[in-house]
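I opened my notebook to see what I could look up in this structure, one stop at a time. Come along and check each entry against the picture.

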Amino acid sequence: MDQLADADLVRRSAGGDSAVFIELINAYKGSLAALIRRLVSDADEAEDLLQETLLQSWLKIGSMNNPEKVQAWLLQIARNLCRDYHRSAQRRINPTKQEELEYYVNRYGRTAVPAEAALDLLEAMDNLPLAEQKIVELFYLHGFTIKEICRQIQAPVGTVKYQLHSARHHLRSFLDEAEENGGL
């Protein structure tokens, strides 16, 4: 397809026209499937990742910056999902050691969080604004870098850094308050 036709299909898809989205996806489904099969050898997992790619692209098509570059955008979504798949598999194979967990929890000078205080931490995370919750989860729980988070949520570096800083501030305040009240 040519870029002008693609851009028009993207705009119409972003407006909620699912038939146009299917037409757009059908043009690139073969290259998406080939890329995913090349990156993930398990056929069932590759099929799941293709479906996830299609779902993510449908959900995010309205936020696309360059509609004329839809193929590159779709392929990047597929690559990111494949990378996430491999990371999660690697983590399942190599569980994190207790000392490493303590280091990450203690990363900003707090004492290691005992198991019973985990609920306080989860409660603190639940009190964060949704955007900050997502960034904290990606950074601390999934180990993404700032740049990876930017790609994942499609936000500028400054925004991600600010939201992470703000989330840390909120978490510290909440946890300090819980500690003063006997929670931690």
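**Entry 1: a tryptophan to start with**

In which helix is tryptophan 73 found? I looked it up, and tryptophan 73 belongs to helix α4, which covers residues 70-93. I kept in mind from the start that this is a predicted model.

Next I asked whether tryptophan 73 is buried or exposed. Its relative accessibility is 13%, so tryptophan 73 counts as buried; the cut-off for buried is under 20%.

Then I listed what tryptophan 73 touches, skipping residues up to four places away in sequence. The list reads Ser57, Lys60, Ile61, Met64 and Gln154. Gln154 caught my eye, and I come back to it in Entry 5.

**Entry 2: over to serine 57**

Serine 57 was on that list, so I followed it, because I wanted to know how covered it is: at 0% relative accessibility, serine 57 counts as buried. Serine 57 is found in helix α3. From C-alpha to C-alpha, serine 57 and tryptophan 73 are 8.6 Å apart in space, and 16 residues separate them in sequence.

What does serine 57 touch, not counting residues up to four places away in sequence? I found Phe21, Ile25, Trp73, Leu74 and Ile77.

I also looked at glutamine 56, which is found in helix α3 too. With a relative accessible area of 18%, glutamine 56 is buried. Leaving out residues up to four places away in sequence, glutamine 56 touches Ile77 and Leu81. Ile77 is thus on the contact lists of both serine 57 and glutamine 56.

**Entry 3: two patches on the surface**

I stayed with helix α3 for one more residue, tryptophan 58. Tryptophan 58 has a relative accessible area of 31% and is partly exposed. Leu55, Trp58 and Leu59 form a nonpolar patch on the surface. Together these three residues have about 290 Å² of accessible area.

Which residues form the negative surface patch? I noted Asp42, Asp44, Glu47 and Asp48. Aspartate 42 sits in the loop between α2 (18-39) and α3 (43-60). Its relative accessibility is 37%, and aspartate 42 counts as partly exposed.

**Entry 4: a pair of opposite charges**

How many salt bridges does the structure hold? I found one. Here the side chains of aspartate 8 and arginine 12 meet, at 3.6 Å from N to O. Side chains of opposite charge can pair when their charged atoms come close.

Both aspartate 8 and arginine 12 lie in helix α1, residues 3-14. They are four residues apart, about one turn of the helix. I checked their cover as well: aspartate 8 is partly exposed, with a relative accessible area of 36%, and arginine 12 counts as partly exposed at 40% relative accessibility.

**Entry 5: toward the end of the chain**

I moved on to helix α8, residues 146-153. Which residues are buried there? My list has Ile146, Glu148, Ile149, Cys150 and Gln152.

Just after α8 comes glutamine 154, with a positive phi of about 55°. This is the glutamine from Entry 1 that tryptophan 73 touches.

My last residue was leucine 171, found in helix α9, residues 157-180. Leucine 171 has 11% relative accessibility and counts as buried. Leaving aside its neighbours within four places in sequence, leucine 171 is in contact with Ala124, Met125, Leu128 and Val136. I also noted the C-alpha atoms of leucine 171 and asparagine 127, which are separated by 8.6 Å, while the two residues are 44 apart along the chain.

**Entry 6: stepping back**

Finally I looked at the whole protein chain. How many helices and strands does it have? I wrote down nine helices and zero strands, and from the N terminus on the elements run α-α-α-α-α-α-α-α-α.

Of the 184 residues of the protein chain, 35% count as buried. The accessible surface of the chain comes to about 11600 Å², and 52% of it belongs to carbon and sulfur atoms.

I then took the contacts with a separation of 6 or more. Residues 24 or more positions apart account for 62% of these contacts. Leucine 171 and Ala124 are one such contact to find in the picture.

Methods:
Residues are numbered from 1 along each chain as its sequence is written. This is a predicted model: local features need pLDDT of at least 70, side-chain atom pairs count only at pLDDT 80 or more; totals for chains, interfaces and linings use all residues. Side-chain values use heavy atoms; hydrogens and water are left out. Patches are made of residues with over 30% relative accessible area and no salt bridge: like charges are joined within 9 Å, nonpolar side chains (Val, Leu, Ile, Met, Phe, Trp, Tyr) within 5 Å. Accessible areas come from the Shrake-Rupley method with a 1.4 Å probe; for residues, only the protein chains shown count as cover. A salt bridge is a side-chain nitrogen of Lys or Arg within 4 Å of a carboxyl oxygen of Asp or Glu. Lys and Arg count as positive and Asp and Glu as negative; His and the chain ends are not counted. The place of a charge is taken as NZ of Lys, CZ of Arg, CG of Asp or CD of Glu. Helices (H or I, at least four residues) and strands (E, at least two) are DSSP runs, numbered from the N terminus. Buried means under 20% relative accessible area, exposed over 50%, partly exposed in between (1.4 Å probe, protein chains only). Contact means heavy atoms within 4.5 Å.
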